[in-house]
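Student: Could we go through this structure together, one question at a time, with the reasoning spelled out?

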Amino acid sequence: MEGLKKIPGLVVSEMAGMIYQGKSLEVYMDGRPLNLYSDQLTAYLDGLPANSIERIEMITQPGAEFPATSGGAILNIITSRSAKSYLSATYAGGYRFSNYDKFRNKFNNSLTLNSKNRWFGWQLNIGQSYNESETQSTIDEISKLGNDNIGRNQFLRSAFTFDLGKDRLLLNYNFSNNNADRYIDSYAFFEGTEIISNDKTASDNMRHEVMATYQKKFDDRSKKFEIKGTYSNNRADFNQNSHRLLPTANFLNTANGSSQNVFNLKVDYAQPIKILEEGKLSLGADYNQQDFVANDNIIDNLDYSSKTSAVYSELNAKKENLISCFRTSW
């Protein structure tokens, strides 16, 4: 972390994370996003031994082999194959509270472990957060709305790196669960009639993701061949109990949910070529399959499936400070 702070143009902020030359910066490790942000990322890099790092790549113009959501710049940390065995543990946590008409708590905890032995390297990040909040809105005397919210989050992110000669096999498993309760009191005065209701909603969202990546290493570091397969499952459930008190009392219960399965296979190849001062040719293929089901109570009201195949080619050339790019995709 101390070394990163010395990079010209890199700003480390507890609120905004990392920014490089005014661009949002995503942090990768061995070509995979760390998925750590703000204080968690800072604490993790603070606890990472310097001798575990071979080099750091600052990618200011991510090519087509990176996700379109990778932002303005990427900082890719390449771990060392020759690093000795080590284990680092980093804890990050915080507590806040508010006390207006009611005492409310907010806290978060996370633990990050990073280790390497003679067989493989691994990282594990686990944590949770809890948040109590309230919002109130009033429009003269015709409408009042109060929300009392409780939000909970639990997550686990794991990564394993196996060195196969010069090549590498990377395995990832990520899990997250978000659930929230909301208590809603509402009042409205419409055309001489008072409407008063009390609602309660409960939502639960769960995500599993498994990823396997094979990286072929070459003596020329700018040459690359990578195969990546990803499977993810997303499940969302939502329940609402509505209790109207005025003008007539009634009770309504609704429940709906959705499930989504996504499979992705991606192949990327890149190599330098002699164009102007410096050039690079990138080729790749992508296959994506998605299955989505939504239901209301026990009735499936949407069943959707799609399959997408794509290939791309990209040519980059550099002349002094001028960078040109030609990209095609099908």
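The questions and answers that follow concern a predicted model.

Student: Is tyrosine 231 buried, exposed or partly exposed?
Tutor: Tyrosine 231 has its place in strand 13, which covers residues 224-246. Buried means under 20% relative accessible area and exposed means over 50%, with partly exposed in between. Because its relative accessibility is 37%, tyrosine 231 counts as partly exposed.

Student: Which residue's side chain is joined to that of tyrosine 231 by a polar contact of 2.6 Å?
Tutor: Leaving out residues up to four places away in sequence, tyrosine 231 touches His208, Glu209, Val210, Asn261 and Val262. Among these contacts is the residue we want, for the polar contact of 2.6 Å joins the side chain of tyrosine 231 to that of asparagine 261.

Student: How many Å separate the C-alpha atoms of tyrosine 231 and lysine 216?
Tutor: Along the chain, tyrosine 231 and lysine 216 are 15 residues apart. In space, the separation between their C-alpha atoms is 22 Å.

Student: Why is the pair of phenylalanine 107 and tyrosine 130 called stacked?
Tutor: A search of the whole structure finds 6 aromatic pairs. In the pair formed by phenylalanine 107 and tyrosine 130, the ring centres are 5.3 Å apart. Planes under 30 degrees apart count as stacked, and the planes of phenylalanine 107 and tyrosine 130 therefore qualify, since they lie at 20°.

Student: Which strands does this pair link?
Tutor: The partners, phenylalanine 107 and tyrosine 130, are 23 residues apart, and the pair links distant parts of the chain. Phenylalanine 107 belongs to strand 8 (residues 103-116), while tyrosine 130 belongs to strand 9 (residues 120-139). The strands asked for are thus strand 8 and strand 9.

Student: Which residue has its charged end over the ring of phenylalanine 218?
Tutor: Arginine 157 lies over the face of phenylalanine 155, at 4.4 Å from the ring centre. Over the ring of phenylalanine 218, at 4.9 Å from its centre, sits the charged end of lysine 223.

Student: Which residues touch the most other members of the largest nonpolar core?
Tutor: This core has 17 residues, and at least two of them come from each of strand 2 (17-20), strand 3 (23-29), helix 1 (38-46) and strand 6 (73-79). Not counting residues up to four places away in sequence, leucine 45 touches Met1, Leu4, Met18 and Ile77. The members that touch the most others are Met18 and Leu45.

Student: Is asparagine 177 buried or exposed?
Tutor: Asparagine 177 is placed in strand 11 (residues 167-190). Leaving aside neighbours within four places in sequence, asparagine 177 is in contact with Arg152, Asn153, Gln154, Asp204, Asn205 and Met206. Because its relative accessibility is 8%, asparagine 177 counts as buried.

Student: With which side chain does the side chain of asparagine 177 make a polar contact of 3.4 Å?
Tutor: One polar contact, of 3.3 Å, runs from the side chain of asparagine 177 to that of asparagine 179. The polar contact of 3.4 Å is made with the side chain of aspartate 204.

Student: What is the relative accessible area of serine 306?
Tutor: Serine 306 is found in strand 16 (residues 299-319). Apart from neighbours within four places in sequence, serine 306 is in contact with Asn288, Gln289 and Gln290. Serine 306 is buried, and its relative accessible area is 18%.

Notes
Residues are numbered from 1 along each chain as its sequence is written. This is a predicted model: local features need pLDDT of at least 70, side-chain atom pairs count only at pLDDT 80 or more; totals for chains, interfaces and linings use all residues. Side-chain values use heavy atoms; hydrogens and water are left out. Helices (H or I, at least four residues) and strands (E, at least two) are DSSP runs, numbered from the N terminus. Buried means under 20% relative accessible area, exposed over 50%, partly exposed in between (1.4 Å probe, protein chains only). Contact means heavy atoms within 4.5 Å. A polar contact is a pair of N or O atoms within 3.5 Å; within protein, one must be able to donate a hydrogen and the other to accept it, and residues adjacent in sequence count only if both atoms are side-chain atoms. Rings of Phe, Tyr and Trp (its six-membered ring) pair if their centres lie within 6.5 Å; planes under 30 degrees apart count as stacked, over 60 as edge-to-face and the rest as tilted. A charge sits over a ring if NZ of Lys or CZ of Arg is within 6 Å of the ring centre and within 35 degrees of the ring normal. A nonpolar core is a set of buried Ala, Val, Leu, Ile, Met, Phe, Trp, Tyr and Cys residues joined through side-chain atoms within 4.5 Å.
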